[in-house]
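The exercises below ask you to read enclosed spaces, a ligand site and unusual backbone geometry from one structure. Work through each task before turning to its solution.

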Amino acid sequence: MKKIKIILLTGLAFLLANQILAQSDHILWYKQAAKHFEETLVLGNGKMGASVFGGIKSDKIYLNDATLWSGEPVNANMNPEAYKNIPAIREALKNENYQLANELNKKLQGSFSESFAPLGTMSINFKHKKSVEKYYRELDISTAIAKVSYEISGVKYTREYFVSHPDKVMIIKLTASKKKALNFDIDFNSKLKFKTSVDKNVFAVNGYAPYHTEPSYRGMVKDAVVFDPNRGTRFTSLFEVKSTDGKITVKNDGLELQNASEAIIYVSIATSFSGFDKNPATEGLDHQAKASGQLLKALTKTYADLKTAHINDYQHFFNRVQLNLGKTSAPNLPADERLKRYDKGKEDKMLEVLYFQFGRYLLISSSRTKAVPANLQGIWNPHIRPPWSSNYTMNINLEENYWLAENTNLSEMHLPLIDFIGNLAKTGKITAKTFYDADGWTACHNSDIWAMSNPVGDFGKGDPVWANWNMGGAWLSTHLWEHYIFTQDIDFLKDKGYPLMKGATQFCLSWLVEDGKGHLITSPSTSPENVFITTDGYKGSTLYGGTADLSMIRECLQQTIKASEILGVDNEFRTGMQQALAKLYPYQIGKKGNLQEWYFDWEDVEPQHRHQSHLFGLYPGHQVTPDQTPNLANACRKTLEIKGDEATGWSIGWRINLWARLWDGNHAYKLYRQLLHAVEPDGVKIKMQKGGGTYPNLLDAHPPFQIDGNFSGAAAVAEMLLQSTDDKIILLPALPDAWANGSVKGLVARGGFVLDIEWEKGKLVSAIIYSKTNANTKVKYNKTVKEIALKEGESYRFTAN
Ligand code: FUC
């Protein structure tokens with residue numbers, strides 16, 4: 001009897017440990033407040049960002065607005081005669097004089113981009129004197145709500161924070177379990193210029209961003225951050241407190257609340273940004289009216305209503321995808337300790353699910369502002385000269401931010417990028433003409449909220465290895481096609497997508513030149529951000545016919561051809577595209593069995609370099625697959641093997657997707673674990689080659705913090721479970737042994753399909769394929785291929801038998 005009791009009790013304890021105390025797949029929690037930015041809980045409504053420290057005596061919250069950048073509309077016509085240097089560069093390259101070509105290439109440079117600006121820091125300062133017990137801080141990504149709680153002398157204090165998209169404000173609710181125990185004041189500080197004032201119950205901040213900020217990597221240059229009261233983007237930040245029982249005092253330096261048991265803080269932000277081509281000082285939005293309109297409207301609602309509206313809005317997107325990777329035996333630990341434990345090789349499937357869903361959480365929270373995509377740090381940045389200006393880096397990072405948008409069922413969050421591409425096409429038309437004497441439009445290495453599209457480098461001071469890359473138009477145009485092929489939105493393709501794709505293609509067609517051996521190539525060319533060694537031992541970056549350029553152009557041409565066929569337009573133009581496509585210099589396999597990065601089979605200065613743009617055709621492109629092009633797939637594999645598994649966060653994220661496309665689930669999984677390598681929060685220390693991973697708040701570490709790794713990591717999980725092309729869906733193409741049992745609901749496949757997949761012991765059980773339109777496709781699992789034709793709203797159950 002006693003024995004049975006013990007067994008029962010042990011069983012119960014086990015159950016409790018696994019069910020109730022088991023690791024969460026949606027909550028990150030901590031036993032302490034954040035000390036560093038990389039420990040804060042990030043919240044956002046797609047425009048306003050907040051990074052919550054949750055401090056006990058003083059709770060710091062970094063505030064951001066996606067539209068607050070340094071700078072003003074860019075003069076795209078900044079170097080009108082740059083193109084005149086092209087014949088000389090081409091001549092030097094023809095003569096294999098790479099050094100001269102590289103020097104001349106510097107003449108094809110313009111100004112640097114502007115920087116994403118930090119709006120400021122609000123602090124909620126408490127009058128606590130005694131020591132604190134039971135401190136707890138969490139972010140629940142199933143509701144997008146953060147919480148803090150603790151006890152002091154038996155009094156329980158709680159805080160609840162969210163940033164609402166429907167109500168456009170940040171809300172913080174504070175409670176104390178004892179009457180009059182809640183006492184705090186609120187103040188504000190900023191690295192920007194600002195003034196505070198009182199307007200009835202509102203503590204108001206009005207300020208402005210620099211009209212120019214130099215990239216941080218330029219060091220201590222003169223006038224690195226310049227302000228002018230009559231220039232730059234303006235902002236307003238309003239704070240109001242509502243309390244049922246406390247006394248509120250509003251002063252010129254902040255707000256004070258005394259003797260309350262409950263309070264709600266409302267924070268409303270607006271900027272004067274009114275478009276990439278509008279001067280934010282003279283043609284800007286009425287930011288004061290906007291901020292106060294938002295605030296007044298929110299104040300009329302109850303806390304419960306605000307919270308319900310926020311959760312409903314957020315979950316409308318978030319709940320579309322559910323991932324289950326089976327049972328876990330991991331104990332319930334705070335996120336920081338959990339990462340460290342996982343880093344030692346321990347199992348924690350719920351953390352793997354959490355990281356995937358966290359990527360989706362971040363995209364919903366940072367990408368809902370028209371034509372303002374998530375930047376290098378999403379929308380969360382405390383630095384006035386942030387790493388790499390927290391800008392849009394288009395030789396990988398901006399595109400990588402959006403790899404998860406379509407396949408993880410967040411297509412609406414792709415739209416800010418798509419509209420931004422529309423802006424880039426406008427400045428990019430001038431860039432194409434003035435820098436490259438070319439038709440259409442293109443964009444280069446960097447951009448910013450002003451949609452700058454010129455090559456950077458401060459008119460000749462930049463190293464062409466990064467400054468001169470000009471394939472932004474070709475790469476970005478693939479996002480337009482992907483948006484169409486996933487959504488099947490033909491109106492989008494006709495009205496918005498195709499015209500922009502055509503413009504990007506026109507640039508490619510007029511930029512291509514003959515190599516003298518019957519092929520088309522780019523000249524000059526660079527391959528992000530790698531350095532070759534010629535057979536003579538010269539180390540350089542300007543060459544002709546780089547593989548990365550050609551694979552982006554190939555993808556752009558293939559997709560624009562298909563789009564023109566679907567729309568039944570531009571027959572003659574299509575013939576031109578087809579002819580060019582057939583003449584592109586093909587992929588080459590090098591003596592090491594690798595996919596050649598350079599026109600010739602040259603060595604690399606850094607064979608393990610983080611960039612791998614010449615593998616673009618494998619991922620995110622669709623030119624290389626293990627079954628259709630096995631030799632090229634093997635060459636890509638060889639390149640990845642040479643590169644090894646250590647890299648920066650974004651590079652690891654990309655490599656997971658590359659291995660997934662090689663259908664090597666176990667290698668992809670190995671790198672997924674690597675992406676979750678625990679990195680200490682240490683501010684802005686930069687590591688260029690290795691050391692990528694994850695900070696305690698689950699944000700990606702380049703290092704420093706860069707959000708692309710989060711997004712590509714999430715995209716890669718989907719890519720391991722489901723791949724698709726225009727006419728094929730592949731089920732579980734790269735399922736790792738570690739994920740033997742599981743299910744996923746709501747992943748999206750090209751062709752307008754939504755899938756629920758279930759597997760056991762590493763084998764498919766079934767897949768339900770739901771069609772959003774009338775469509776045909778082939779469904780493949782291992783060797784089984786079935787053709788299906790579905791009407792809008794119909795679904796099909798696929799089993800492997
Ligand atoms: C490119 C990369 C760096 C970094 C920066 C934002 O220049 O080479 O690693 O991600 O962009």
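**Exercise 1. The largest pocket**

Task: In this predicted model, find how much space lies in the largest pocket, and state which residues lie nearest its centre and which element gives the largest share of its lining.

Solution. Begin with the volume: the largest pocket holds about 420 Å³ of space. Next, turn to the lining, which is made up of 22 residues, and among these H622, T625, S724, T725 and D726 lie nearest the centre of the pocket. Then assign the lining to secondary structure: α13, β29 (722-725) and β30 (728-731) are the elements that give two or more residues, and the largest share, four residues, comes from α13. Finally, sort the lining of the largest pocket by class, which yields four nonpolar, ten polar and eight charged residues.

**Exercise 2. The cavities**

Task: Determine how many cavities of 30 Å³ or more the structure holds, and describe the lining of the largest cavity and of the second largest cavity.

Solution. The count comes to six cavities of 30 Å³ or more. The largest cavity has a volume of about 220 Å³, and of the 19 residues that line it, W403, E482, Y619, P620 and R750 are the closest to its centre. Two elements, α11 (472-487) and α13 (547-567), give two or more residues to this lining, and α11 gives the most, with five residues. By class, the lining of the largest cavity divides into seven nonpolar, six polar and six charged residues.

The second largest cavity contains about 70 Å³ of space. Its lining consists of N105, L108, Y436, N468, W469, N470, W511, P524, S525, T526 and D549, and the division by class is five nonpolar, five polar and one charged.

**Exercise 3. The ligand site**

Task: List the residues around the ligand, identify polar side-chain atoms that lie by its oxygen atoms, and state how much of the ligand's area the protein buries.

Solution. The first step is to collect the shell around the ligand, which is formed by L376, W388, T393, N397, H445, E529, R610, H611, W650, H702 and Q706. Sorted by class, this shell has three nonpolar, six polar and two charged residues. The second step is to look for side-chain N or O atoms by the oxygen atoms of the ligand: a polar side-chain atom of R610 lies 2.8 Å from a ligand oxygen, an N or O atom in the side chain of W650 is 2.9 Å from a ligand oxygen, and for the side chain of Q706 the corresponding distance is 3.0 Å. The last step concerns area: taken alone, the ligand exposes 280 Å², and the protein buries 97% of that.

**Exercise 4. The loop between β23 and β24**

Task: Is S527 buried or exposed, and where is the cis peptide bond that involves P524?

Solution. First place both residues: S527 is found in the loop between β23 (520-522) and β24 (532-533), and P524 is found in the loop between β23 and β24. S527 has a relative accessible area of 1%, and therefore counts as buried, since the cut-off for that class is under 20%. The C-alpha atom of S527 is separated by 8.7 Å from that of Q612, although these residues are 85 residues apart along the chain. As to the peptide bond, S523 and P524 are joined in cis, with omega about 0°.

**Exercise 5. Further backbone exceptions**

Task: Which two prolines are joined by a cis peptide bond, and what are the phi values and accessibilities of N409 and W663?

Solution. Most residues other than glycine have a negative phi, and most peptide bonds are trans. Against that background, P703 and P704 are joined by a cis peptide bond with omega about 10°, and P704 lies in the loop between β28 (700-701) and α18 (708-721).

N409, which is not a glycine, has a positive phi of about 65°; N409 lies in the loop between α8 (397-401) and α9 (415-436), and its relative accessible area of 13% makes it buried. W663 is likewise not a glycine and has a positive phi of about 60°. The loop that holds W663 lies between α16 (649-661) and α17 (665-675), and W663 counts as partly exposed because its relative accessibility is 26%.

Terms used: Residues are numbered from 1 along each chain as its sequence is written. This is a predicted model: local features need pLDDT of at least 70, side-chain atom pairs count only at pLDDT 80 or more; totals for chains, interfaces and linings use all residues. Side-chain values use heavy atoms; hydrogens and water are left out. On a 1 Å grid over the protein atoms alone, a cavity is a set of points where a 1.4 Å probe fits but cannot get out, and a pocket is an open set with protein on both sides within 12 Å along at least five of seven lines; lining residues have an atom within 4 Å of a point. Grid points are joined across faces, edges and corners, and a volume is the space filled by probe spheres set on the points. Ala, Val, Leu, Ile, Met, Phe, Trp, Tyr, Cys and Pro count as nonpolar, Asp, Glu, Lys and Arg as charged, and the others, Gly among them, as polar. A residue is near a molecule or strand if one of its heavy atoms lies within 4 Å of it. A polar contact is a pair of N or O atoms within 3.5 Å; within protein, one must be able to donate a hydrogen and the other to accept it, and residues adjacent in sequence count only if both atoms are side-chain atoms. Accessible areas come from the Shrake-Rupley method with a 1.4 Å probe; for residues, only the protein chains shown count as cover. Buried means under 20% relative accessible area, exposed over 50%, partly exposed in between (1.4 Å probe, protein chains only).
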